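Open your viewer, show the cartoon, and keep the selection box handy. We will go from stop to stop, picking a few residues at a time.

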Amino acid sequence: MPISLDRRQILASAAASALMPLTAFAQDSGAPLVAEGMKVPLLPPLESFPLWPRGKVPGSKGVTVKEEWILRNPKDGNPNDTAATHVTEPILMVRRAKNPNGSAILMIPGGGYVRVAVSRAGGGTDKDFADRGTTVFVMTYRLPADGWGAGPEAPLQDAQRAIRLIRHRAKEFGIDPNRIGVIGFSAGGHLAGWLSESFGRETYAPVDAADTQPTKPLVTGMFYPVMTMMAPYAHGGSVKAMFPNGGTDEQKRKVSLEFNLPVDMPPTFLAHAGDDRTVPAENSLILYQALRTQKTPTELHIFENGGHGLRVNGQDQPYMPLFEAFAQRHGLWG
């Protein structure tokens, strides 16, 4: 749904500012921005940097889409509730920890592989982690149907590149490169799981020294995740975005996590609501059983209520503290 010109200009200004040098926006950079008629202040964007060197995004020949940041809910007037569509220049946004403990999390938003639902100002989840000492990197990623050479694997290329860049710049951010986890939500949960099971293969040709780094996370959290692309439990929107021309069963199996788990899959945490009508809870149940069968450390929580998003009466179900305990047992925190 289109947004008005004044808000487009505001969002474009914020997007441009976020790609300035990292020192340009400290976390306590002053009062939030306010525009006339805006119901909610426009918050300063997080620090950010591009995933790929300019002109080095894999498979970009023939791509004609134009990246745009839009309001997810134009009627509520919140300029921070945004999504990126037709991503052409994926970025990592950084929420620095005030008192870093050496740990880091790569956070992957959802959006059904048709958009990336994320605010340039960050959100409550990354802030909570940063307040506890973890540096959080929130990524945007390219979308499968936009004509990239890798097709469905374009977002996986970006996720592999993201964790490599975090490791490559670990000293700069005060991070232990061996203590990096990944979490993802909805379709971002699928991408987090896909990254976690694909560390044994290269999906793109190296572009610089960062690509010598490994891509395996220490621990994985998947929240109300898309997991399978196979009927009857697949999320139809994600399947359509992955395979605009339909796709064969063989192609869908290649991106369905339950069929491609390595024996040394990272410890994996799953959380879902039993009443999720968007992505059936069977996505988490099936993956849990597959992980358990091969003796991968795993934990599953199915909440009675919460829908797609694990929220009841505007409040999150307590899945994040459960993940934190799981991640601590597996070494993300001391």
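Start with the open sheet of 3 strands, whose order is β2-β3-β6 with antiparallel pairing. Colour β2 (68-71) and β6 at its edges: each has a single partner strand, so one side of each is left without a neighbour in the sheet. Keep in mind as you look that this is a predicted model.

Next, select strand β3 (residues 82-85) together with β6; the two run antiparallel and are joined by 2 bridges. To find one pairing by eye, show A84 and look across to β6, where its bridge partner is V116.

Keep V116 on screen and add T140, because the two touch. T140 sits in the loop between β7 (135-139) and α3 (154-168). Is T140 buried or exposed? At 1% relative accessibility it counts as buried, since the cut-off for buried is under 20%. Leaving out residues up to four places away in sequence, T140 touches L51, W69, V87, E89, P90, I91, M93, V116 and V118. Show these as sticks and you will have the surroundings of T140 in view.

Two of those neighbours deserve a distance label. Draw one from T140 to E89, C-alpha to C-alpha: the residues are 51 apart in sequence, yet 8.5 Å apart in space. Draw another from the side chain of T140 to the backbone nitrogen of I91, which it reaches at 2.9 Å.

Now move to the loop between β5 (104-108) and β6 (116-117), and pick Y113 there. What is the phi of Y113? Its value is near 60°, positive in a residue other than glycine. Y113 is also buried, with 1% relative accessibility.

A second residue of this kind is S186. Look for S186 in the loop between β8 (180-185) and α5 (187-197). S186 is not a glycine, but its phi is positive, at about 60°. With a relative accessible area of 10%, S186 counts as buried.

For a backbone detail of another sort, zoom in on the loop between β9 (220-223) and α6 (236-242), where P232 is placed. Select A231 as well and look at the peptide bond from A231 to P232: it is cis, with omega near 10°.

Our last region is built around β10. Select β10, helix α8 (residues 282-293) and β11, which make a right-handed β-α-β unit. β10 runs parallel to strand β11 (residues 298-303), and 6 bridges join them. For a pair to display, choose A273, which stands opposite F303 in β11.

Then pick T268, which belongs to strand β10 (residues 268-273). T268 is buried, with a relative accessible area of 0%. Which residues is T268 in contact with, leaving aside its neighbours within four places in sequence? They are T220, M222, L291, P297, T298, E299 and F326. Finish with one more distance label: a polar atom of the T268 side chain lies 2.8 Å from the backbone oxygen of P266.

Notes:
Residues are numbered from 1 along each chain as its sequence is written. This is a predicted model: local features need pLDDT of at least 70, side-chain atom pairs count only at pLDDT 80 or more; totals for chains, interfaces and linings use all residues. Side-chain values use heavy atoms; hydrogens and water are left out. Helices (H or I, at least four residues) and strands (E, at least two) are DSSP runs, numbered from the N terminus. Buried means under 20% relative accessible area, exposed over 50%, partly exposed in between (1.4 Å probe, protein chains only). A polar contact is a pair of N or O atoms within 3.5 Å; within protein, one must be able to donate a hydrogen and the other to accept it, and residues adjacent in sequence count only if both atoms are side-chain atoms. Contact means heavy atoms within 4.5 Å. Two strands pair if DSSP finds at least two bridges between them. A crossover is right-handed if, with the strands pointing away from the viewer, the path from the first strand over the helix to the second runs clockwise.
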